[in-house]
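Please look through the sequence and the model shown here. The paragraphs after it go from one part of the chain to another.

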Amino acid sequence: MERYILLIIATIFVSCGPPNKNGANDLSDSYDSIHRYYNLALQKDIPLHQKKESINRALYLARNLKEDSIYGMLMYQKSSLLFQAGSYDSLVLHHDSFITVQSRFGRPRLSGSHYYLMGYYYDQVQSDYRKAFENYSAAKSQFELAKDSSWTGKCLLFMGVIQKNQNDFFGSKETVTEALQFFKESRDSTDIVQCYGLLATNHRKLLNFEDAVSYYTKAINSSSSMYDKIAFENNLAAAYIDDGRYEEAIVLLNRIKGHLGLDSSAVVYARILDNLSYAQWLLEKKDVEASFLKALQIRKEKKDWRGQLASYTHLGEFHMEDRSDRSKAYFDSVIQVSQKIKVPRAETDALKFLMQLNPENVELRNRYIFLMDSLDAKETMVKTQFAKYKYDDRLKQESILRLEKEKAEQALLATKERNQKTISYLGSLVLLLGLGFAIYFFRQRTRRLKEQNEWTRLEATLETEAEMSRRLHDDFGAGLNQTMLMLNTDVDKTAVLDKLDGLYHQSRNFSREVNEVATGELFKEAFLEMLRFRTPSEANLFMTGIKEVPWNEMAPLSQKVLFKVVQELMINMGRHSKASMVTIVFKSTGKSVIINYSDNGVGASPKELNAKNGLRNTEKRIQAIGGSITFDSYKGQGFKAYIMIPL
């Protein structure tokens with residue numbers, strides 16, 4: 001307990017942030033004083049009244065503290081000191097004060113200890129089984145909330161003992177069975193042994209002798225205490241006697257009676273001796289009066305009142321046949337002791353024997369009937385009370401668990417809502433970031449593609465210009481130079497005119513190649529005209545699928561590229577292939593136009609294809625608008641091209 005308060009005080013010192021220096025000093029002094037007085041109350045070498053004074057001072061200093069857990073621990077320590085001092089009236093009043101403020105402490109283990117102390121007080125001091133059971137039940141609930149399984153099981157065990165003492169053997173059996181569920185063998189072996197012994201006694205009282213023997217055997221085998229083993233073996237022998245197994249009882253009792261560690265003046269020895277004498281008398285009708293009287297004498301000296309009831313009853317049975325007067329005297333003693341210690345069941349047992357000795361005594365019969373009716377009513381009431389206490393406790397536990405569940409569900413719901421909001425915010429943020437990134441990416445890609453297309457177009461234009469420049473220089477320039485030489489010489493004018501006419505036609509063709517392409521509605525006619533113009537007179541042109549192509553839907557740029565690409569193929573065919581047949585197949589896919597070109601010319605090797613600048617220009621033009629072209633040609637095998645132009 002001390003380490004808990006030290007930990008709490010240390011935590012308070014670390015966590016509290018005082019508003020000013022003087023306030024910090026006052027608070028520190030207050031905690032120091034509480035700690036000092038609390039330690040004084042725990043010391044063993046000072047008088048009890050000084051301990052009480054110390055705890056009262058600590059409580060006075062802690063009355064206004066916000067840390068209710070400290071105040072609760074001080075209240076429990078005061079209860080413990082009041083119990084030790086025998087100040088029971090003050091203890092009850094203090095307990096009432098504790099109940100009114102316990103909800104502030106928030107420490108179920110502390111409340112459980114307080115209720116257990118009061119249960120022990122009502123059980124051992126006041127013999128008030130109702131209040132004892134009620135407080136043990138409340139302690140059990142608090143320890144269960146604190147998840148202290150050992151003390152939960154202990155409280156159930158004490159409740160089971162009370163039920164057994166009030167003859168509620170079925171209820172006791174259920175309670176003790178429940179207690180076993182909270183114990184662990186490695187930690188609570190002593191309590192487990194007591195549960196076995198109590199279960200055995202309950203079964204014995206319910207005449208379930210087989211189960212009683214089984215549980216007594218478990219208790220004996222599980223016990224590590226010599227004293228407990230002997231006590232359980234004596235109870236096992238009593239179960240044998242009740243079941244009529246006298247020989248087994250005698251063998252067992254003779255063995256434990258001679259145990260070297262057994263004190264011949266102890267209460268346990270008296271029980272063994274009395275049971276042994278009773279079994280011997282029942283089996284052999286031996287004269288065991290001396291043994292009965294010896295056991296009775298020990299019980300009187302030790303003030304073992306319940307043991308005296310057994311001795312007087314056995315002596316009364318022993319003398320019933322030959323000394324009825326003495327037998328009646330012993331049974332009268334049973335009645336007196338039973339009334340003294342308030343055990344009416346023993347009185348009814350004595351009355352049954354007295355009625356056998358005096359069958360005509362109406363008063364005995366009436367007394368017996370009255371007691372039996374009272375006992376039945378009382379036991380029914382007791383069982384009902386115990387069941388009610390347990391039922392109320394179960395309802396209280398269920399209510400607490402329900403509240404905790406609702407609180408947990410609310411917390412979970414709030415957490416889910418927070419998580420959903422967080423996820424929503426994060427999702428929105430990710431979406432915005434993703435959208436922003438996508439926009440940025442596509443813009444960059446578009447710009448990059450645009451730049452790439454521009455570079456491709458520029459490169460294609462430059463190469464086209466270079467090709468045109470070469471052709472102007474090599475073809476047209478050479479022809480023009482030759483014509484000038486012809487003029488400087490005495491060449492026939494007709495030849496010069498023919499040469500000039502050729503140059504004119506060459507320049508016109510060249511002009512057609514480089515002029516802007518007609519687009520839109522004029523494209524189809526211009527495109528077909530170009531094909532007819534570029535087809536040599538010695539070759540035949542076959543076209544299919546012209547009508548399938550939506551020429552008006554084609555983008556102007558695509559029309560221009562298609563025109564230039566096919567024109568380049570036709571020029572290449574006219575100059576190099578020597579083809580006699582050209583086939584062009586058109587096909588529309590909805591998003592693009594597919595052109596399959598083929599001729600039966602001389603073809604070209606891959607190396608020759610790579611060397612042709614015009615064909616390379618066609619590839620770049622098509623790639624610039626997102627199209628494609630594939631050449632399929634080998635030397636001597638004709639020429640094929642597969643073109644895809646987007647609409």
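**A walk through the chain**

In the hairpin formed by β4 and β5, five residues lie between the strands, and one residue, G636, takes a positive phi near 80°. The model is a predicted one, and this hairpin is a convenient place to start reading it.

The two strands of the hairpin, β4 and strand β5 (residues 639-646), pair in the antiparallel sense over six bridges. Two positions show the pairing residue by residue. I629 stands opposite I643 in β5, and F631 stands opposite A641 in β5.

Strand β5 also has a partner in β3, and these two pair in the antiparallel sense over eight bridges. Here Y597 has A641 of β5 as its bridge partner. A641 thus appears twice in this account: it faces F631 and it is bridged to Y597.

These pairings belong to an open sheet of five strands, in the order β1-β2-β3-β5-β4, with mixed pairing. At the edges are β1 (540-544) and β4 (628-633), each of which pairs on one side only. Neighbouring strands in the sheet are turned by 10° against each other on average, with direction ignored. A helix packs on the sheet: α22 (residues 556-577) touches β2 (581-588), β3 (592-599), β4 and β5, and its direction makes about 170° with that of β5.

Now consider the chain as a whole. Its secondary structure comes to 24 helices and five strands. The chain has 647 residues, of which 41% count as buried. Among the contacts between residues at least 6 apart in sequence, 60% join residues at least 24 apart.

Next come the helix pairs. Two packed helices are described by the angle between their axes and the distance between the axes. Take helix α7 (residues 129-145) and helix α8 (residues 149-165): their axes come within 8 Å and cross at roughly 160°. Because angles over 145 degrees count as roughly antiparallel, α7 is roughly antiparallel to α8. The crossing in which α7 passes α8 is left-handed.

Which residues of α7 and α8 meet? From α7 come Y129, A132, F133, Y136, S137, A139, K140, F143 and E144, and from α8 come W151, T152, C155, L156, F158, M159, I162 and Q163. Sorted by class, this contact has 12 nonpolar, three polar and two charged residues.

A second pair can be read in the same manner. Helix α14 (residues 267-284) and helix α16 (residues 305-318) have axes that come within 11 Å and cross at roughly 20°. Because angles under 35 degrees count as roughly parallel, α14 is roughly parallel to α16. The crossing of α14 and α16 is left-handed. On the α14 side the contact is made by D274, N275, Y278 and W281, and on the α16 side by A310, S311, H314, E317 and F318. By class, the contact of α14 with α16 has four nonpolar, three polar and two charged residues.

Two single residues close the tour. Is H203 buried or exposed? H203 sits in helix α10 (residues 189-205). Its relative accessible area is 6%, and because buried means under 20%, H203 counts as buried. Leaving aside neighbours within four places in sequence, H203 is in contact with K173, N208, F209, D211, A212 and Y215.

The other residue is V92, which lies in helix α5 (residues 88-101). V92 has a relative accessible area of 23%. Because partly exposed covers the range between under 20% and over 50%, V92 is partly exposed. Neighbours within four places in sequence aside, V92 is in contact with M118, Y121 and Y122. The C-alpha atoms of V92 and S79 are separated by 8.8 Å, and these residues are 13 apart along the chain.

Key: Residues are numbered from 1 along each chain as its sequence is written. This is a predicted model: local features need pLDDT of at least 70, side-chain atom pairs count only at pLDDT 80 or more; totals for chains, interfaces and linings use all residues. Side-chain values use heavy atoms; hydrogens and water are left out. Axes are lines fitted to C-alpha atoms, for helices over the stretch in contact, and angles run from 0 to 180 degrees between N-to-C directions. Helices (H or I, at least four residues) and strands (E, at least two) are DSSP runs, numbered from the N terminus. Angles under 35 degrees count as roughly parallel, over 145 as roughly antiparallel, 65 to 115 as roughly perpendicular and the rest as oblique. A crossing is left-handed if the near helix is turned anticlockwise from the far one by less than a right angle, and right-handed if clockwise. Contact means heavy atoms within 4.5 Å. Ala, Val, Leu, Ile, Met, Phe, Trp, Tyr, Cys and Pro count as nonpolar, Asp, Glu, Lys and Arg as charged, and the others, Gly among them, as polar. Two strands pair if DSSP finds at least two bridges between them. Buried means under 20% relative accessible area, exposed over 50%, partly exposed in between (1.4 Å probe, protein chains only).
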